[in-house]
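Let us take a walk through this protein together, one region at a time. Keep the sequence beside you and the viewer open as you read.

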Amino acid sequence: MYKLKKCALCGEETNLELSHIVPKMVIRMLKKTAAGNIRNSENPNIPAQDSEKHYMLCGNCEDLFSEKEKYFANTLFHPYIKKKKIKFDYDSKLFYFLTSLSWRSLYLDLIDFTENHVVGIDALECLISCEKIMKDYLLNNRNNIETIEHHLFFFDEIREIRGNTEMAELRPHVTFHRGITSYTFCFEDDGTYGTITNMMGIVLITLYKKGSREKWEGTEVLNGIGSIEAKDQKIISVVGNEFINILKTAQVASNSISEKQMGKIVENLKNKVDKIKVYPVFRDWQSDRKLNKK
Ligand SMILES: [Zn+2]
């Protein structure tokens, strides 16, 4: 957990609040609809209570973000997760929220990237300048974020994966629909840098720089009024590797669950055996099994 000395956004030295990287309401929803304990892939043997959080923002800046977060929850997150809607009209509050989410993640990743030399100097410079642009926008000092793009990809039911049998075996439905994650990636050879955040199947990809072979259709969220549909979205991108990375991380975590913990999980599910069909994860299990039979 990071404990910063001054607010990451406004720079004020004051008491900082514990900020979630992925909004609290996402973890609340995950818990509410879980068949058992939720688990953190970094430490799968201990049932998790909460998602990643850090002392990062002052009360004023938290308040600045929370209004936009409510907007996202009500107009997109809840209607989609509850399967009430697949088409969403939005205004500029969505763009602001997505910026705040990726900015939080990027800000903390930059601490790691600078300390541990994770990426090359060009990528690092680009990320540092994007962090600054997004911060100025979030503080209302500017009204755009230049060429940075936000894309939302809805991870619906997949019926077939072409040319990638590996992915089908990695249980994509359970992993994406029952998962939360956020981190920054750099494909330095292609010149594609971004932050990816999965919120139970709603995946935000913020692109700081886009290589020439990237194709994104039906995914971009505009800075203003627009609409987006969880339908006919197409991505041809190196970011596909990150989808596989998320799946593999989940698989490694699940393989490292101890026998004792696994016993508890099985016991818990046995007790719920007649009720299990009401949990959303049941559908995801079925979808993953169907995918593997192809
Ligand atoms: Zn602040």
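Is cysteine 61 buried or exposed? With a relative accessible area of 4%, cysteine 61 is buried, since buried here means under 20%. Please keep in mind that you are looking at a predicted model.

Cysteine 61 is a good place to begin, as it is one of the protein donors of the zinc ion. The donors are the SG atoms of Cys7, Cys10, Cys58 and Cys61, and they lie 2.3 Å from the zinc ion. Why is the arrangement of the four donor atoms tetrahedral? The angles that they subtend around the zinc ion run from 106 to 117 degrees, and this makes the arrangement tetrahedral; the test is that all angles lie between 85 and 135 degrees.

Now look at where these donors sit along the chain. Their spacing in sequence follows the pattern C-x2-C-x47-C-x2-C. Cysteine 10 belongs to the segment before strand E1 (17-20), while cysteine 61 is in helix H2 (residues 59-81), so this pair ties together parts that are 51 residues apart in sequence. Cysteine 10 has a relative accessible area of 36%, which makes it partly exposed, whereas cysteine 61 is buried at 4%.

Let us step back to the whole chain. Nine helices and 13 strands make up its list of elements. The chain has 294 residues, and 50% of them are buried. If you take the contacts between residues at least 6 apart in sequence, 70% of them join residues at least 24 apart. On the outside, the chain exposes about 15,700 Å², with carbon and sulfur atoms supplying 48% of that area.

What lies inside? The largest nonpolar core has 35 residues, and the members that touch the most others are Leu9, Met56, Leu57, Trp103, Tyr107, Leu127 and Tyr208. Strand E4 (53-57), H2, H3 and helix H4 (121-138) each supply at least two residues of this core. Another core lies apart from it, with 27 residues, including Leu94, Phe97, Met199 and Met200.

Leucine 57 is worth selecting in your viewer. Leaving out residues up to four places away in sequence, leucine 57 touches Cys7, Ala8, Leu9, Leu16, Glu17, Ser19, Glu62, Phe65 and Trp103. Cys7 in that list is also a donor of the zinc ion, and Leu9 and Trp103 are among the core members that touch the most others.

Phe65 leads us on to serine 100, which contacts Phe65 and Leu138 when neighbours within four places in sequence are set aside. You will find serine 100 in helix H3 (residues 92-116). Serine 100 counts as buried, because its relative accessibility is 1%.

Return to H2 for a moment and follow it along its length. At alanine 73, H2 bends by about 45 degrees. Just after this helix, lysine 83 takes a positive phi of about 60 degrees.

Two other residues with positive phi make a useful pair to look at. Glutamate 146 has a positive phi of about 55 degrees although it is not a glycine, and its place is the loop between H4 and strand E6 (149-154). Methionine 200, also not a glycine, has a positive phi near 55 degrees, and it lies in the loop between strand E8 (192-199) and strand E9 (202-209). Their surroundings can be compared through accessibility: glutamate 146 is exposed, with a relative accessible area of 52%, whereas methionine 200 counts as buried at 5%. Methionine 200 is also one of the members of the 27-residue core.

Next, try a loop that comes back to the start of the chain's strands. Glutamate 52 sits in the loop between strand E3 (43-48) and E4, and its relative accessible area of 45% makes it partly exposed. Beyond residues up to four places away in sequence, glutamate 52 touches Ser19, His20 and Ile21. The C-alpha atoms of glutamate 52 and proline 23 are separated by 9.6 Å, and these residues are 29 apart along the chain.

We can finish at tryptophan 285, which is found in helix H9 (residues 280-293). Tryptophan 285 counts as partly exposed, with a relative accessibility of 32%. Its C-alpha atom is separated by 7.8 Å from that of arginine 171, 114 residues away along the chain.

How values were computed:
Residues are numbered from 1 along each chain as its sequence is written. This is a predicted model: local features need pLDDT of at least 70, side-chain atom pairs count only at pLDDT 80 or more; totals for chains, interfaces and linings use all residues. Side-chain values use heavy atoms; hydrogens and water are left out. Donors are N, O and S atoms within 2.8 Å of the metal (3.2 Å for Na, K and Ca); water is not among the atoms, so sites may look incomplete. Four donors count as tetrahedral if all angles lie between 85 and 135 degrees; four count as square planar and six as octahedral if opposite donors are over 155 degrees apart and all others between 65 and 115; anything else is irregular. Helices (H or I, at least four residues) and strands (E, at least two) are DSSP runs, numbered from the N terminus. Buried means under 20% relative accessible area, exposed over 50%, partly exposed in between (1.4 Å probe, protein chains only). Contact means heavy atoms within 4.5 Å. Accessible areas come from the Shrake-Rupley method with a 1.4 Å probe; for residues, only the protein chains shown count as cover. A nonpolar core is a set of buried Ala, Val, Leu, Ile, Met, Phe, Trp, Tyr and Cys residues joined through side-chain atoms within 4.5 Å. The bend at a residue is the angle between axes fitted to the seven residues ending there and the seven starting there.
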